[in-house]
Amino acid sequence: MTTSERAPGRGTAVVIGGGLAGMAAAWALRGFAERIIVVERDRYPEGPEFRAGVPQGRHAHLVLEAGHRLLEEMMPGINRELTAAGAQQVAASDVRWLSSAGWLAEYQARLRFLCCTRPLLDKLVLDRVRAHPAIEILEGTDVVGLLGSATAVTGVKVRERGSGRGSEHGSAHGSESDPGRGSGRGEVREVPAELVVDAAGRSSSVPKWLAELGCRPVPEERVDAGVAYASRVFHRPAGSDLGNRAVYLQTKAPDRPRMGVLLPVEGDRWIVSLAGMRGAEPAADETGFTEHLGMLRDPMLEEVLRGAEPAGEVRGFLPGPGVRRHYERSSPDGLVVVGDAVSTFNPVYGQGVTVALFCARELRRTARRHGGIGHATARAARRAVATVSKIPWMISCTEDARFHATTGAPSGALVGLQHRFFDKVLAGSTRDPEVTAAFHEVMSLVAPPTLLLRPSVLGVVLRS
């Protein structure tokens, strides 16, 4: 007797990828699947350490207000645990934010950002998930293909990668050329499932595997601003005037394509990430980092870091293009795709972690609505994921379109109108606290962009 015969709609769910998006998805399915299996290519380090499967993990991360509210709702008490471990809660008004229109007006903000290194966030979420009896994690294991047909996905094919623990080498799920870490590789085996959730991130192989099953290509949008990162961690100097405040020096299109961000993190440290759009990429070494720092729109970051001792070397990151895949339009039953695997944003907007949590929320809502993890749940979840990804994608790709070297960006009269309106919002944000507060709510994904049309905000915006 199969699992689905024993409990229709409550069989096995397999989650591809054990990063933050995968862990959140697995947690969302508890109580609706009899068994939840997370397949992770890496072996997790003992503590909150950087690992190969999260190459973006060495760079500045924050959890937007909407994200840490949702994280607390999903895992009550976790924000307190993060704070106890050294994560910093930074009020939106404590971010020294140089927008394209100038410094944002200061006010007493209600919204906060949660700032910590990515490994700390991942570790505390992982600890919660590991403790749940229905969730099993297969570490050091690759997913190498899907089971099923063009009409329904019925499981995955997996293979162990070996026993090595190296934390600085790794490849995407399903890479046939990777010899694995450690010695030897296991045999390919099949894991049947009623639901497969792809949370493998930017490197997901699911589009290729769907093609192997005979599925039509998944429709996608692709916008590439050519962004590149260089990041470094610093010890925070005792008595620094900046304290636990953050700094964000934004780009200014089209001729100032460099940005820099400083976030306070655990251990009395700062993480500083510099980025540039195509043609202004920082070199991932000490010389390149220093040069890029000196070319930002304001010398504030350069001055703050003069007395700061580095706590590590400079690390580079090439995130690749922003991609939005429309699985809600073309996908077999039994499959849901979440996080960066479905919508990859330009990281400079800080949306990725929060949108991954949105996806997990929608997965749980649809499982509750349909009473399990059957095909109706998967279809509804795909539509819901597309909906929660829409506004962040619009914000990201519309702003990327301002840079002439961006490829695939939207264009036309509507985009031009959006740019002009948003320019007025930013201008209003430099002098009117109510506009600044509304802008923060939209950018923190707490409120939709229509908030900017509220009469008390719109009046100031139109006069800008």
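A residue is called buried if its relative accessible area is under 20%, and exposed if that area is over 50%. The exercises below use this definition on a predicted model.

**Exercise 1. Helix α2**

Task: State how many residues of helix α2 are buried, and list them.

Solution:
- Step 1. Helix α2 covers residues 20-28.
- Step 2. Of its 9 residues, 9 are buried, and the helix is mostly covered.
- Step 3. The buried residues are L20, A21, G22, M23, A24, A25, A26, W27 and A28.

**Exercise 2. Two positive phi angles**

Task: D268 and L445 are to be placed in the chain; for each, decide whether the residue is buried or exposed.

Solution:
- Step 1. D268 is not a glycine, yet its phi is positive, near 50 degrees.
- Step 2. D268 belongs to the loop between β16 and β17 (269-276).
- Step 3. The relative accessibility of D268 is 55%, so this residue is exposed, the cut-off being over 50%.
- Step 4. L445, also not a glycine, has a positive phi of about 60 degrees.
- Step 5. The loop between α12 (433-443) and α13 (455-463) holds L445.
- Step 6. L445 has a relative accessible area of 13% and is therefore buried, since the cut-off is under 20%.

**Exercise 3. A cis peptide bond**

Task: Find which residues the cis peptide bond joins, and where P254 lies.

Solution:
- Step 1. The cis bond joins A253 and P254, with omega at about 0 degrees.
- Step 2. P254 is part of the loop between β15 (246-249) and β16 (258-265).

**Exercise 4. Aromatic pairs**

Task: Describe the pair Y229 and F317, then the pair F345 and W393.

Solution:
- Step 1. A pair of aromatic rings is described by how far apart the centres are and by the angle of the planes.
- Step 2. The structure has 6 aromatic pairs. In one of them, Y229 and F317, the ring centres are 6.5 Å apart and the planes stand at 45 degrees, so this pair is tilted.
- Step 3. Y229 is in strand β14 (residues 228-235) and F317 in strand β19 (residues 315-317); the pair, 88 residues apart, links distant parts of the chain.
- Step 4. Y229 and F317 are both buried.
- Step 5. F345 and W393 also make a tilted pair, with 6.4 Å from centre to centre and 50 degrees between the planes.
- Step 6. This pair too links distant parts of the chain, 48 residues apart: F345 is in the loop between β22 (343-344) and α9 (352-370), and W393 is in helix α10 (residues 375-400).
- Step 7. F345 has a relative accessibility of 4% and counts as buried; W393 is buried at 4% as well.
- Step 8. Elsewhere, ring pairs join W97, Y248, F422 and F439 into a cluster.

**Exercise 5. Charges and rings**

Task: Which rings lie under the charged ends of R96 and R361?

Solution:
- Step 1. The charged end of R96 is over the ring of W103, at 4.3 Å from the ring centre.
- Step 2. For R361 the ring is that of F358, with its centre 4.8 Å from the charged end.

**Exercise 6. The surroundings of E441**

Task: Work out whether E441 is buried or exposed, and name its polar partner.

Solution:
- Step 1. E441 is a residue of helix α12.
- Step 2. Its relative accessibility is 14%, so E441 is buried.
- Step 3. The side chains of E441 and R110 make a polar contact of 2.8 Å.
- Step 4. Leaving aside residues up to four places away in sequence, E441 touches R110, L111, V446, A447 and L451.

**Exercise 7. Nonpolar cores**

Task: Identify the residues that touch the most other members of the largest nonpolar core, and the element that gives the core its largest share.

Solution:
- Step 1. The core has 128 residues, of which I16, L82, L121, V125, L146, V156 and L210 touch the most other members.
- Step 2. Its largest share, 9 residues, comes from α9.
- Step 3. Another core lies apart from it, with 19 residues, including W270, V272, L293 and V314.

**Exercise 8. A sheet**

Task: Give the strand order of the open sheet that holds β3, β7 and β4, and name its edge strands.

Solution:
- Step 1. The 3 strands follow the order β3-β7-β4, with antiparallel pairing.
- Step 2. β3 (62-63) and β4 (88-91) are the edge strands, each pairing on one side only.
- Step 3. β4 and β7 (residues 112-115) are joined by 4 bridges.
- Step 4. Q89 is opposite L114 in β7.

Conventions:
Residues numbered from 1 in each chain as written. Predicted model: local features only at pLDDT ≥ 70, side-chain atom pairs only at ≥ 80, totals over all residues. Heavy atoms only, no water. Helix = DSSP H or I, 4+ residues; strand = E, 2+ residues; numbered from the N terminus. Buried < 20%, exposed > 50% of the residue type's maximum accessible area, 1.4 Å probe, protein only. Phe/Tyr/Trp six-rings, centres within 6.5 Å; stacked < 30°, edge-to-face > 60°. Lys NZ or Arg CZ within 6 Å of the ring centre and 35° of its normal. Polar contact = N/O pair within 3.5 Å; in protein donor to acceptor, adjacent residues only side chain to side chain. Contact = heavy atoms within 4.5 Å. Core = buried A, V, L, I, M, F, W, Y, C linked by side-chain atoms within 4.5 Å. Pairing = 2+ DSSP bridges.
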